[in-house]
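Work through the exercises below with the model open. Try each task before reading its solution.

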Amino acid sequence: MRLRSINGLRCKQLKLVLLAFFIMFILWKWEEGTYYNTEDIHPDSLVVSHPANSKFVDQHTSSDEDFPSVDSLPQPVVKVGKQVTGAPPPVPLVGVPAIVGGEQGASPSKLKECNHRNGRWVPDKRRPLYSGFGCKQWLSESWSCRLTQRTDFDYEQFRWQPEACDMPEFEASQFLMRMQGKTIAYVGDSLGRQMFQSMMCMATAGEERADVEDVGAEYGFVLAPGAKRPDGWAYRFPSTNTTILYHWSSTLCDLEPLNPSDPATSYAMHLDRPPAFVRDNLHRIHVLVLNTGHHWNRGKLRANKWEMYVGGSPNRNKNIAAIWKAKNFTIHSVVKWLDAQLPRHPHLKAFYRSISPRHFFNGDWDTGGRCDSTSPLAKGSGISLNRSEDTDAEGAVMGTRVRLLDVTALSRLRDEGHISRYSIKATQGIQDCLHWCLPGVPDTWNEILTAQLL
């Protein structure tokens, strides 16, 4: 009898221990991310880009030395919900409160701001916001997939629905009125240029506008001898005195010729100095969006004769000699510098946009990698994360007044939206699985940007 009693007691204790372990496991999984139907997507390594400016060489080149292996980098996990057929009701936010901007310890009112990182793509027959046919005045032909031999355009008819709030609909005339007398500047690589062209198409509703003025000369955007295009573009809407501009700076480093009198000179690539254009024009800018990422590889540095400098001298610091470390050092440097400038420019809202994902499958850009999918959201439609996939960008803005425009995870779900194999001339060649069709995903980046300007 006593033996049976002891065995019963031990059985109860064992059940309690197992129950405690099960509860601990559930709590741990809950903290990792929302528990709806998911599959894990891991970020790929970062390399290569497409043409952005003809002053420097901009070809697809990469090297294994540029980035450590994928396994050696921290790999955040994206939780993606399966595709839905209509807009879902707002879902309560679960997990760690999102950092608004780069500020830690933000007030409760700031923590209630919309977390645009998390949410899902929903079908919307009112999209796109403009026509790829009609926006020829501002849109590069190679990025307007409506002008190519592509025949599927379902990718144009989705909008991003944040998880716990509604994002206001973009309306061109209202946007220009809000930006009256202000200047919006995009500074970065060719993905930044795509965002700029997207904004021009959105602000004009994709229509021809003879009244919009080309004011590039005011910002030094003139065609250099032998160049195919200037280092930037700037346009002004006279009705509201709103200026939208783009400056090409693929690495966000200040580039300085080592011998200005020599056309074949090498350039000092100052990792700790922001681009001269930003320094010289910051007082004229009201909204600044910075980005870099895909140009950081040895091939581009060698082809452009860029030599890494720190403190005004060639870099001797082995801790930042590796390309991925130099990139991270530069992002932190430019964000830190910008944060220090903001008190002197109270009118300025500054953003750093996280990296845009590549989607090369079954190879890389130079080994037959493809992005042929025409099925929207084949890997899911939703994102719920407690941190950014772009840890370099998130770390750089942490504790600063520079806001993170976090678009990496939501863009990763849209592999069907790239230019892929399509082109104006319908020629066979390397697939573009880096740049996006316009209209397309960069329009959503701008919608998230403008929602944060309210």
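**Exercise 1. The E7-E8 hairpin**

Task: find how many residues lie between the strands in the hairpin of E7 and E8, and which residue there takes a positive phi.

Solution. The hairpin of E7 and E8 has 4 residues between its strands. Asn 241 takes a positive phi near 55°. Strands (E, at least two residues) and helices (H or I, at least four) are DSSP runs, numbered from the N terminus. The model is predicted: local features need pLDDT of at least 70, side-chain atom pairs count only at pLDDT 80 or more, and totals for chains, interfaces and linings use all residues. Residues are numbered from 1 along each chain as its sequence is written, and side-chain values use heavy atoms, with hydrogens and water left out.

Next, the pairing. Strand E7 (residues 232-237) runs antiparallel to E8 over 6 bridges. Two strands pair if DSSP finds at least two bridges between them. Gly 232 has His 247 in E8 as its bridge partner.

**Exercise 2. The other partner of E8, and its burial**

Task: determine in which sense E5 and E8 run, and how many residues of E8 are buried.

Solution. Start with strand E5 (residues 183-188): 6 bridges join E5 to E8, and the two run parallel. Thr 183 stands opposite Thr 243 in E8. Strands of a sheet pair through backbone hydrogen bonds, either parallel or antiparallel.

Now the burial. E8 is mostly covered, with 7 of its 7 residues buried. Buried means under 20% relative accessible area, exposed over 50%, and partly exposed in between (1.4 Å probe, protein chains only). In a regular strand the side chains alternate between the two faces of the sheet. Thr 242, Ile 244, Tyr 246 and Trp 248 point one way from E8. Thr 243, Leu 245 and His 247 point the other way.

**Exercise 3. The surroundings of His 247**

Task: place His 247 in its strand and list what it touches.

Solution. His 247 sits in strand E8 (residues 242-248). Its relative accessible area is 11%, so His 247 is buried. Leave out residues up to four places away in sequence: His 247 then touches Tyr 186, Val 187, Gly 188, Phe 221, Asp 231, Gly 232 and Phe 277. Contact means heavy atoms within 4.5 Å.

**Exercise 4. Disulfides**

Task: state how many disulfides the structure holds and what pattern they follow.

Solution. The structure holds 4 disulfides. A disulfide is a pair of cysteine sulfur atoms within 2.5 Å. Count the bonded cysteines along the chain: the pattern is 1-4, 2-5, 3-8, 6-7.

Take three of the links in turn.

- Cys 114 is joined to Cys 165, S to S 1.7 Å. The pair links distant parts of the chain, 51 residues apart. Cys 114 is partly exposed at 25% relative accessible area, whereas Cys 165 is buried at 16%.
- Cys 145 and Cys 437 bond with their sulfur atoms 2.0 Å apart. The link of Cys 145 and Cys 437 is left-handed, with -80° about the S-S bond. Cys 145 lies in the loop between E3 and E4 and Cys 437 in the loop between strand E18 (432-436) and helix H10 (441-451), so the pair ties together parts 292 residues apart in sequence. Both Cys 145 and Cys 437 are buried.
- Cys 371 and Cys 433 bond at 2.1 Å between sulfur atoms. The S-S torsion of Cys 371 and Cys 433 is about -90°, so this disulfide is left-handed. Cys 371 lies in the loop between strand E14 (349-353) and strand E15 (382-383) and Cys 433 in strand E18, so the pair ties together parts 62 residues apart in sequence. Cys 371 and Cys 433 are buried.

**Exercise 5. Two helices that cross**

Task: find at what angle the axes of H4 and H10 cross.

Solution. The axes of helix H4 (residues 190-203) and H10 come within 9 Å and cross at roughly 75°. H4 is therefore roughly perpendicular to H10. Axes are lines fitted to C-alpha atoms, for helices over the stretch in contact, and angles run from 0 to 180 degrees between N-to-C directions. Angles of 65 to 115 degrees count as roughly perpendicular, under 35 as roughly parallel, over 145 as roughly antiparallel and the rest as oblique.
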